[in-house]
Amino acid sequence: MHNDNTTLPDTHPAFEAVHQETIDSLNVRVEHYRHRGTGAVHYHLSSESTENVFLVALRTVPEDSTGVAHILEHTALCGSERFPVRDPFFMMLRRSLNTFMNAFTSSDWTAYPFASQNTKDFNNLLEVYLDAVFFSRLDPLDFAQEGHRVEFSQPDDPTTDLVFKGVVYNEMKGAMSAVSTSLWNKLCEELFPTTTYHYSSGGDPQHIPDLSYEQLKTFYTSHYHPSNAIFMTFGNIPASEHQSTFEHRALGRFQKLDQRIQVPAQQRLTAPIRISDTYAYDDSGECASKTHIVMGWMLGESTDLEQLLEAQLLANVLLDNSASPLLHALETTHLGLAPSPLCGLEESMREMVFCCGIEGSETEHVDALEKLVLEVLTTVAEQGVAQDRLEAVLHQLEFHQREVTGDGFPYGLQLIMQALGSATHYNDPIALLNLDPVIDSLRQQILDPDYIRQLARKLLLDNPHRVTLTLTPDRELSARQTTAECERLDALKAQLNPAAQQAIVKTAADLVQRQQQVDDESILPKVELADIPAGLPELKFASSKRNGIEISAYGQGTNGVVYQQVVASLPHLSANDLQFLPAYTSMLTEMGLGDSSYLEAQHRQAATVGAISAFTSMRGKIDDAQAIDANFILSSKALHRNAKAQLNLMHDTLKTARFDETARIGDLISQQRARREQAVTGNGHGLAMAAASAGMSPLAQLNHHQSGMAGIKALRELDEELRDPKALDLFAQKLAEVHAQITAMPVQLLTIAEAEKIDLLANEASALWADSSMSASPQPFSLTPIRDRVGEMWVTNTQVNFCARAYPTVSIAHPDAAALVVLGGFLRNGFLHRAIREQGGAYGGGASQESGIAAFRFYSYRDPRMAETLGDFDRAVDWMLDTKHEYRPLEEAILGVISSLDSPGSPAGEAKQHFHNRLFGRSHAQREQFRAHILAVSLEDLQRVTATYLRPELASTAIITGLDQRETSEPLREELSLALREL
């Protein structure tokens, strides 16, 4: 790092340059500017990267739990001064080459980021974002839809009951039903009694209806002002060009606001406290062992880089993996079933919070848990931690800070998010980007054996700002909350005069009319039910033939949402046609319909359904992974009142989709390429496993060539090829040909809705699709069997490695499948996590059995090593075979698998899973049998399947690494016969 203020770049006249620093380790120059008229700050991270990133953040400091900041984030995106369409944000998602686009509400800021590699696209998005943030229309109907409103249960009938509605209202109802959310909110309420963190920034459903439209506008006027704004950009577009747009489109119209919005420091507790509370427990199971006990400490300032990294260092020493002293204690104690989901360091607020605890406990264990945790901390404070452990943890801290850790996040946005918190609190964000000095300092500090001991004592043992929270299950809480809500609505209704009643009716009608506007994007409330019973219950369904169409109907509690799917077996496709399948499915719902353009089709979708998509689902047969079952699915969801229009849209999509809008097709391919290329470092371990498994089965080979590294390479080449108009015309013709082959197949239907609505919906659906009931016997879909060893090294734009090794195994119906599934967790918990993450420095590592392709895979994630990690894979096998293992790790691995198998989903999700399992021969009985086999796995089974299947002569290997490893990796490639592939 070095200061270079003598060579400040050109600055727009409306801005003054404050400071700049070059951070060599990040290849960026951080430039700090201030807007002369409003005081808005602009941090530009100048880079050679062509992927430019923009973010504007507002300090948002709520003083209640009405969710004002969250609701404002939603409402601000519902149309603006220059773009008075219903939802410019969602419409731009469909009309952009963006590599990232979103909006976030945090506890003390709200941010609007996007990224794009296309300069024109970037500037289009910039103008839309600036207008949405600073000149939002804030239509009262948008507030009613996005925030909250009251309606009569029959909207046009004032004699019916009042109900609360609203997107955020329902979203937070679902969020608050999660125990982890209740834990965190209550803990913050006690840790921060006097600051904004005391409240729920997302909104508490009990308080959301207290927010008025006038309060929303007042909050917008004071908080969404340039004087309270932080602009951050990254990439190769000069700061002055951004500033020209900022000034022209927004800042030039404002004067400075003499108000400093900030989060004050929290006054510290003088002694630890204990709090007890309850959470809604609506499960049919017993309440025993359902209590959560967590301990939380408020630490130092997150904006102080040294304090931040010291806290991260200590947290990782204590909780990084199962060998870490505190996590080991929490995992092995009899006081609870598992560590709390809150375990770890939360660093997003002004003051950091360290949490630990257990779930699956009882209230009488509070004293014992506190004693256990404090004993572990005392041991660390008195005895310290081994030097090599500290160095490994420090390396993990450095690695975590320097590398992109958010899947799907562009690198520039990751850097911006890393700096945003400090800027929010009026501190220097450049310090949070320039880690080298503090990392170097910590590296010297850990040489002193007393350093980590003193940290444990200073940050935790001697820190009185501590809260122990016990959260117990309450079967009656949901009922009490429902009663209170009904009483509130009854009291409100009793106060309504006829004029007020008609105003509610009119608002409901106006909102419906607005939602049906042609330029409107339909937004459905988030349907989440938290009361799904555990286990594998058999879902009730009705399967019948109506109008010659096979239809499966599931009566589920979907809260007024209808889910419908049209399913057809895939026909036999030539190898040439098969390569067009991913593009076809992704584009089908993005095309025009009949005489309508794709723009009109998108408007129609927005007014009719919440979502519509096409995809294929392929699985190896349960007893033979070389044989493939494959289906095409068109899926959508809509409000019940739109169910008929939903059906018509799906019918028209399959019957009248047009593929002659070649410019649109070219744009979509470019968008896909941008997204897929960005996904490499976020999913590198998955891509490496796909490459290593490509010889195991025909489906594994297809996955690698369509969605793996080979698929990304092919997509890049296709995008380049389609720059030729003739090639683009030919590509569009091929898509139409594949469409014709698929739509010639007979279909069956899936309908999911409330039980009382199913019969009518099923009749309407079968009548509409009666013309697709022709009996045909086309040649079935098939792939050529394959069982080959493969070896590949892919080089791409990455600074870290992703390693994978795969072995051919068995399908799910084989008696050994259950043991292989358990083996994955056993190896990960007992050997791989320690060897690859703690000792090797990788961000992650593990192993798993994938019965659908009959393969067992080892992997590492964001790994600084290659050959050594592959050696750890081999040593894991030796460890499994040569070590006398205890029963406890086996039990934990089995419980992990069962937990995964029994994990409940949404009502619609469970129905879809059940339906597709039946299509692929995975009946409820077969799943129950597999579950029983999991429970019966023994240590002898694990060693037997290891010796049988994980033999070195059967292994296939794949590595994804950086371009700079092309030469240095040559000996490893020769040793393992790895073919060099370049993305």
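1. Let's start inside the protein. The largest cavity has a volume of about 60 Å³. Keep in mind as you look at it that this is a predicted model. Ten residues line this largest cavity, and the closest to its centre are L654, I742, T743, M745 and V747. Two elements, α22 (643-656) and α27 (725-743), each give two or more residues to the lining. What kinds of residue make up the lining of the largest cavity? Seven are nonpolar, two are polar and one is charged. In case you wonder how such spaces turn up, rolling a probe the size of a water molecule over the atoms shows where empty space is left. The count of cavities of 30 Å³ or more comes to three.

2. Now zoom out to the whole chain. The protein chain has 983 residues, and 56% of them are buried. Its secondary structure comes to 35 helices and 29 strands. If you take contacts between residues at least 6 apart in sequence, 79% of them join residues at least 24 apart.

3. Next, a pair of helices. Two packed helices are described by the angle between their axes and the distance between the axes. Helix α3 (residues 119-134) packs against helix α8 (residues 239-249) at an angle of about 35°, and their axes are 10 Å apart. The crossing of α3 past α8 is right-handed. Which residues meet here? On the α3 side they are F122, L126, E127 and L130, and on the α8 side H242, T245, F246 and R249. Sorted by class, the residues of this contact of α3 with α8 are four nonpolar, two polar and two charged. The spacing of the names is worth a look: an α-helix has 3.6 residues a turn, so residues three or four places apart point the same way.

4. Here is a second pair to set beside that one. The axes of helix α25 (residues 698-707) and helix α26 (residues 709-721) cross at roughly 35° and come within 4 Å. From α25, the contact uses H704, H705, Q706 and S707, while α26 brings M709, A710 and G711. By class, this contact of α25 with α26 has two nonpolar and five polar residues, and no charged ones.

5. Have a look at helix α20 (residues 581-588) too. Is it largely enclosed or largely open? Six of its eight residues are buried, so helix α20 is largely enclosed by the rest of the structure. The buried residues of α20 are L581, A583, Y584, T585, M587 and L588.

6. Two loop residues deserve a check of their backbone angles. S289 has a phi near 55°, a positive value in a residue other than glycine. You'll find S289 in the loop between β12 (273-280) and β13 (291-301), and at 29% relative accessibility S289 counts as partly exposed. N547 also isn't a glycine, yet its phi is positive, at about 55°. N547 sits in the loop between β18 (542-546) and β19 (549-555). With 47% relative accessibility, N547 counts as partly exposed because buried means under 20% and exposed over 50%.

7. One last residue to click on is D450, which belongs to helix α16 (residues 450-461). How exposed is D450? Its relative accessible area is 34%, so D450 is partly exposed. Try finding Q383 as well: D450 and Q383 are 67 residues apart along the chain, and their C-alpha atoms are separated by 8.8 Å.

Methods: Residues are numbered from 1 along each chain as its sequence is written. This is a predicted model: local features need pLDDT of at least 70, side-chain atom pairs count only at pLDDT 80 or more; totals for chains, interfaces and linings use all residues. Side-chain values use heavy atoms; hydrogens and water are left out. Axes are lines fitted to C-alpha atoms, for helices over the stretch in contact, and angles run from 0 to 180 degrees between N-to-C directions. A crossing is left-handed if the near helix is turned anticlockwise from the far one by less than a right angle, and right-handed if clockwise. Contact means heavy atoms within 4.5 Å. Ala, Val, Leu, Ile, Met, Phe, Trp, Tyr, Cys and Pro count as nonpolar, Asp, Glu, Lys and Arg as charged, and the others, Gly among them, as polar. Buried means under 20% relative accessible area, exposed over 50%, partly exposed in between (1.4 Å probe, protein chains only). On a 1 Å grid over the protein atoms alone, a cavity is a set of points where a 1.4 Å probe fits but cannot get out, and a pocket is an open set with protein on both sides within 12 Å along at least five of seven lines; lining residues have an atom within 4 Å of a point. Grid points are joined across faces, edges and corners, and a volume is the space filled by probe spheres set on the points.
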